[in-house]
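Biologist: I'd like a close look at a single part of this model, please. Pick one helix, walk me round it, and then follow the salt bridges from there.

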Amino acid sequence: MIPALIYLLLSIAYGLFIFWILRGLRRIRMPWADEIVKKVSVIIAARDEEQNIPFTLGTLLKQSHPRGSLEIIVVDDHSRDQTRSVAEGVAAKFPAIRVIAAPSYGSAIAPKKAALAAGIAAASGEIILTLDADCAAPSGWVEKMSAPFAGDVAAAASWVLIPEEKSLPAQIEFLDALALQLIGAAAIGWEKPFLANGANLAFRRRTFQKIGGYEGFAYMGSGDDDLLLQKLHARGDGRILFNTDPESAVTTLPCKSWPDFFRQRIRWSSKSAFYPAWIKLIEGSAFVYYLALLVSLPLALLLSYPLWIPLLAILIKMACDYLLLRKGVRMVRRSWSWPGFILASLLHLTYIPVIGLISQFGRFEWKGRTYRKGRLEQGAG
């Protein structure tokens, strides 16, 4: 039967992809941490974060890394609230913190990249750590993320996790974000890095400057993480690592609503048009697979083939997801949630095809700015 054969082949392909991820995770290797304390600069591009920035800075002030070898630079990205004055109030008490204003931006460079580039230009640290203004860093974060930088290491990525909560939406968001990070970590394990999260990314300042920073994709509203990682790899200026240590993870606030969740995923997906061809092929295959599963039940009713075929295909997909996410949850030392897993796995069937289309052809709003096809629309504040 043709439908059964099609869904069997799609399921096999998806299973092989999950196997590729699991093998890649096993290939991750971290160098021994050396004893040389490096000067580290933490860069935070902050826009409309007056409620969160004091807590974020408070976690950075508790770092085990020597205070004399750590500077924290907050770049106010044209906030519409009191973010800058609140950050300056904290900085007035702690010399390790500096607050600067983001420069102007336009069609050549997107707002967040302009802010990050300004912070990096003002930094004096050998290692740059980027952190979002709504994140919390554990006390050993700077030490854990900077220690692996042996002589041939150019960059390191690590986990960005949702705090462990009992609410079902938070559990779904945690597993959804974890799945993306497991794919990124596995790709690094295979020495083909293409995916990371800028809320927890480390790289050498001189290497960033050597490759021209965000040049080539500066106009994109997103991509200060993925596209930078790909550029670093393409230039071959050093190894790229994924730090699997749970103590190197930062936590970020969950989305406030489902519309915020979808807008965030659309923003993340908007940069995929600039990925290399082999990554686009994987993403295109995943799009076709999820779309096929999404329409499988209606097609079974319309074409009168047995319902067990699409149901079995969906169960195979969930079994593969279980193998991956169960391993991921153990890696980050979190508790397992069956309701969260089932709903997250089913949610993929709907939102991945929809978001894939909207991000490439539609528009989205993020913190008062409107983007179309990943670019900031003119006149957006």
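Modeller: What follows is a walk around one helix and then along some salt bridges. Bear in mind that the model is predicted.

Let's take α10, which runs over 277–294. How well does its length agree with what a helix of 18 residues should span? At 1.5 Å a residue, α10 should span 26 Å, and its end C-alpha atoms sit 25 Å apart, so the two agree.

Now look at which way its side chains point. The buried residues of α10 are Ile279, Tyr289, Tyr290, Ala292 and Leu293. They cover an arc of only 160 degrees around the axis, which means they lie on the same side of α10. Turn to the other side of α10 and you meet Ala277 and Leu281, both exposed.

So what covers those buried residues of α10? The cover includes α1 (2–26) and α8 (226–235), along with α11, α12 (308–331) and α13 (338–361). Keep α8 and α11 in mind, as each comes back below.

Take α11 first. A nonpolar surface patch of about 490 Å² is made by Leu291, Leu294, Val295, Leu299, Leu302 and Leu303. The elements giving two or more residues to that patch are α10 and α11 (296–303). Of these, α11 provides the largest share, three residues. One patch member to look at is Leu299, placed in helix α11. Leu299 counts as partly exposed because its relative accessibility is 31%, and the limits for that class are 20% and 50%.

Next comes α8, by way of the loop between α9 (258–269) and α10. Lys271 forms a salt bridge with Asp226, and their closest N and O atoms are 3.5 Å apart. This pair links distant parts of the chain: Lys271 belongs to the loop between α9 and α10, whereas Asp226 belongs to helix α8, 45 residues away. Are these two buried or exposed? Lys271 has 3% relative accessibility, so it counts as buried. Asp226, at 1%, counts as buried too.

That's one pair out of a longer list, since a search of the whole structure finds 16 salt bridges. It's worth following one more group. The side chains of Asp245 and Lys144 meet in a salt bridge at 3.1 Å, N to O. Here too the pair links distant parts of the chain, with Asp245 in the loop between β9 (239–243) and β10 (250–252) and Lys144 in helix α5 (residues 141–146), 101 residues apart.

Lys144 has another partner as well: its side chain meets that of Glu247 in a salt bridge of 3.7 Å, N to O. Because Lys144 lies in helix α5 and Glu247 in the loop between β9 and β10, the pair ties together parts that are 103 residues apart in sequence. Through shared partners, salt bridges join Lys144, Asp245 and Glu247 into one network.

How accessible are the members of that network? Asp245 is at 22% relative accessibility, so it counts as partly exposed. Lys144 is partly exposed at 30%, and Glu247 is partly exposed at 43%. By contrast, Lys271 and Asp226 are both buried.

Terms used: Residues are numbered from 1 along each chain as its sequence is written. This is a predicted model: local features need pLDDT of at least 70, side-chain atom pairs count only at pLDDT 80 or more; totals for chains, interfaces and linings use all residues. Side-chain values use heavy atoms; hydrogens and water are left out. Patches are made of residues with over 30% relative accessible area and no salt bridge: like charges are joined within 9 Å, nonpolar side chains (Val, Leu, Ile, Met, Phe, Trp, Tyr) within 5 Å. Accessible areas come from the Shrake-Rupley method with a 1.4 Å probe; for residues, only the protein chains shown count as cover. A salt bridge is a side-chain nitrogen of Lys or Arg within 4 Å of a carboxyl oxygen of Asp or Glu. Helices (H or I, at least four residues) and strands (E, at least two) are DSSP runs, numbered from the N terminus. Buried means under 20% relative accessible area, exposed over 50%, partly exposed in between (1.4 Å probe, protein chains only). The expected span of a helix is 1.5 Å times one less than its number of residues. The arc is that of the directions from the helix axis to the C-beta atoms. Contact means heavy atoms within 4.5 Å.
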